[in-house]
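Let's take a walk through this protein together. Have the sequence and the 3D view open as you read.

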Amino acid sequence: MGWLFYTDGRVQTYADEKAEIARLCTSQGDTRKTELVKACKVGSTWYAAARVTNLDGTAVEDATYVTDVDGSITFGAVFLTRYDDGCWGYKDMEESAGPNESRAPLALIALLSDLKDPDSYAQDWRQRCRDWASIPDYEEGDKIRLAAPVTLTDGSTCQIVTATHYRRGRQKRRCYRIEETGGLVRLSKASLAGSELLSSAKGAASPVLAEYLAGRN
């Protein structure tokens, strides 16, 4: 399915977007109904969990999903969104279509019904969401070894960096100090996948906390 844009200006705010996602995830036919369980926006993408139930109270039978104990199934959906000349538009995909955008929060993934096929596109999508969520959120002063060297714009590489920040006006922005050169570099979250914490800023700042943390390892 392609993009659909609204030219009537009905969607202008975050609340408008969330209400529209809820409407798109809500329907009722002669035998079944679908309703939104949870919706989360990450960047410009909305992630949704929608529950399907039979109106007569019987269990939903589905080729993709294992029926939950209450007789329903809950599936994941992805809504790419953007504004074009002030008009809001979306492109929707069900998780079994294997969406590229895979940053759904773990709380939403936990709501979804189990899958019958362990090798399905939906299973792969869910794992990519889990992998994204597992990327550490480092703190100021943490020393990190990246899983693989990152090539910079000047052709050099870096692999060991320390989390720090720089200021642009009143804004404080995360960057990383390169171990070898002392230079600063911005790194995407994706480049931190598989990275290793070499030393903790918390441990370095407090000998008592460092001893406590060492005892937990």
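The paragraphs below go from the overall layout to the sheet and then to the nonpolar cores.

Please keep in mind that this is a predicted model. The chain splits into domain 1, residues 4-134, and domain 2, residues 142-215. Between the C-alpha centres of domain 1 and domain 2 there are 35 Å. An unreviewed UniProt entry carries the annotation "domain: DUF6927" for residues 116-190. Over residues 116-190, strand makes up 41% of the chain and helix 17%, with the end C-alpha atoms 29 Å apart.

Now turn to the sheet. In general, strands of a sheet pair through backbone hydrogen bonds, in a parallel or an antiparallel way. Here, six strands make an open sheet with antiparallel pairing, and the order across it is β1-β6-β5-β4-β3-β2. At the edges sit β1 (4-5) and β2 (27-28), each with a pairing partner on one side only. Further in, the antiparallel strands β5 and β6 are joined by eight bridges. If you look for Arg82, you will find it opposite Gly89 of β6.

What about the nonpolar cores? The largest one has 19 residues, and the members that touch the most others are Ile21, Cys25, Phe75, Phe79 and Trp88. Two or more residues of this core come from each of β4 (45-54), β5 (73-84) and β6 (87-94). Ile21 is a good one to click on: apart from neighbours within four places in sequence, Ile21 contacts Ala39, Trp46, Ala48, Phe79 and Trp88. There is also a second, separate core of 14 residues, with Ile144, Leu146, Tyr176 and Leu192 among them.

Notes: Residues numbered from 1 in each chain as written. Predicted model: local features only at pLDDT ≥ 70, side-chain atom pairs only at ≥ 80, totals over all residues. Heavy atoms only, no water. Domains from an automatic or database assignment. UniProt positions renumbered as here; feature names shortened; annotations may be inferred. Helix = DSSP H or I, 4+ residues; strand = E, 2+ residues; numbered from the N terminus. Core = buried A, V, L, I, M, F, W, Y, C linked by side-chain atoms within 4.5 Å. Buried < 20%, exposed > 50% of the residue type's maximum accessible area, 1.4 Å probe, protein only. Contact = heavy atoms within 4.5 Å. Pairing = 2+ DSSP bridges.
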